[in-house]
Amino acid sequence: MLLRVRITLPDRPGALGQVARTLGVAGADIVQVVVLERLGGRAVDDFTVVWPGASRVERLLAGLAAIPGVQVDGVWKAIGAPVNGGHDAELLAQVAANPADGLATLVDAVPGLLAADWAAAAMVPADWATRNGAGGGTGPGVIYASWRAPSPLRLPEVTPLRARPMTEPGGARYAVAPFGRAGLVLVVARTDDDDLPAAAFHITEVDRIAQLVRAAAVILGDRLDSVVTPATAQRM
């Protein structure tokens, strides 16, 4: 199976090689490394690895924990092959080529781009925060949800509408990005699975989602203003 392993490590010569060797000794076959951050002598890297399904991940975590200065920020299953920023332009081209299904195209594609479990586009009423705080209101209405989204789908508190990462007490990790039109917002989620603690969305991932959403909003334009909330989420 494919695993995504997020590691914070010293930003010094040899540290990356030591992590790579440890992953290999544990049985992981590295297929991609993405540098998310390099700041203050530390780096945050995402490793996508092929992991033998019969092997226990605890062996991998123990090996990494033995490296001085290394911290494992999360381990979670990756759906499909890893993709990079070069696919963002291709996705936006697909949205532009078929704007009638552009919102669904975006929602369905984002989980694969960000190694997330699911995504959903939701409509947030202008007065939802006030009504929700007073004990009224039912929260955002789901416009479209991707494959693997839970049913019924409960969304987190997303107001105020601004791009940001979120973590709920139960462990679900979210990234939220507003379209800037009609109270529409994209919610992307990661959840723990089989005792694997998924990593929170990094700020670079949130920025990437926000850029995709802003570009899609420009492409789709007035179509987003006419979105009507259905009673239940649509799924592929």
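**Two sheets, a helix pair and a ring pair**

Tutor: In this predicted model, one open sheet has four strands in the order β2-β3-β1-β4, with antiparallel pairing.

Student: What makes β2 and β4 the edge strands?

Tutor: Look at their partners: β2 (29–39) and β4 (71–77) each pair on one side only. From one strand to the next, the twist averages 15°.

Student: How do you know that β2 and β3 count as paired?

Tutor: Pairing takes at least two bridges. Nine bridges join β2 to β3 (residues 42–50), so the two strands count as a pair, and they run antiparallel. You can find E37 opposite V44 in β3.

Student: On to the helices. Why are α1 and α2 called roughly antiparallel?

Tutor: The axes of α1 (residues 15–26) and α2 (residues 57–65) cross at roughly 150°. Angles over 145 degrees count as roughly antiparallel, so α1 and α2 get that label. Their axes come within 9 Å, and the crossing is right-handed.

Student: Which residues meet there?

Tutor: From α1 it's V19, T22, L23, V25 and A26, and from α2 it's R59, L60, G63 and L64. By class, that contact has six nonpolar, two polar and one charged residues.

Student: How many aromatic pairs does a search of the whole structure find?

Tutor: Just one. It's made by W118 and Y174, with ring centres 6.2 Å apart.

Student: Why is that pair called edge-to-face?

Tutor: Start with the distance: centres within 6.5 Å make a pair, and 6.2 Å passes. Then the planes: over 60 degrees apart counts as edge-to-face. The planes of W118 and Y174 are at 70°, so edge-to-face it is.

Student: What does the pair tie together?

Tutor: W118 lies in β5 (residues 118–123) and Y174 in β8 (residues 173–178), so the rings link parts 56 residues apart in sequence.

Student: Which sheet has β5 and β8 in its order?

Tutor: The open sheet of five strands, ordered β6-β5-β9-β8-β7 with antiparallel pairing. Its edge strands are β6 (141–145) and β7 (164–167), since each pairs on one side only. Neighbouring strands are turned by 30° against each other on average, direction ignored.

Student: How do you know that β5 pairs with β6?

Tutor: Same test: at least two bridges. Four bridges join antiparallel β5 and β6, so they pass. M123 stands opposite G141 in β6.

Student: Which helices lie on this sheet?

Tutor: α4 (residues 102–113) lies across β5, β6 and β9 (184–190), at about 145° to β5. α6 (residues 203–220) touches β7, β8 and β9, and its direction makes about 35° with that of β8.

Conventions
Residues numbered from 1 in each chain as written. Predicted model: local features only at pLDDT ≥ 70, side-chain atom pairs only at ≥ 80, totals over all residues. Heavy atoms only, no water. Axes fitted to C-alpha atoms, helices over the stretch in contact; angles between N-to-C directions. Parallel < 35°, antiparallel > 145°, perpendicular 65-115°, else oblique. Left-handed = near helix turned anticlockwise from the far one by under 90°. Contact = heavy atoms within 4.5 Å. Nonpolar A, V, L, I, M, F, W, Y, C, P; charged D, E, K, R; others polar. Phe/Tyr/Trp six-rings, centres within 6.5 Å; stacked < 30°, edge-to-face > 60°.
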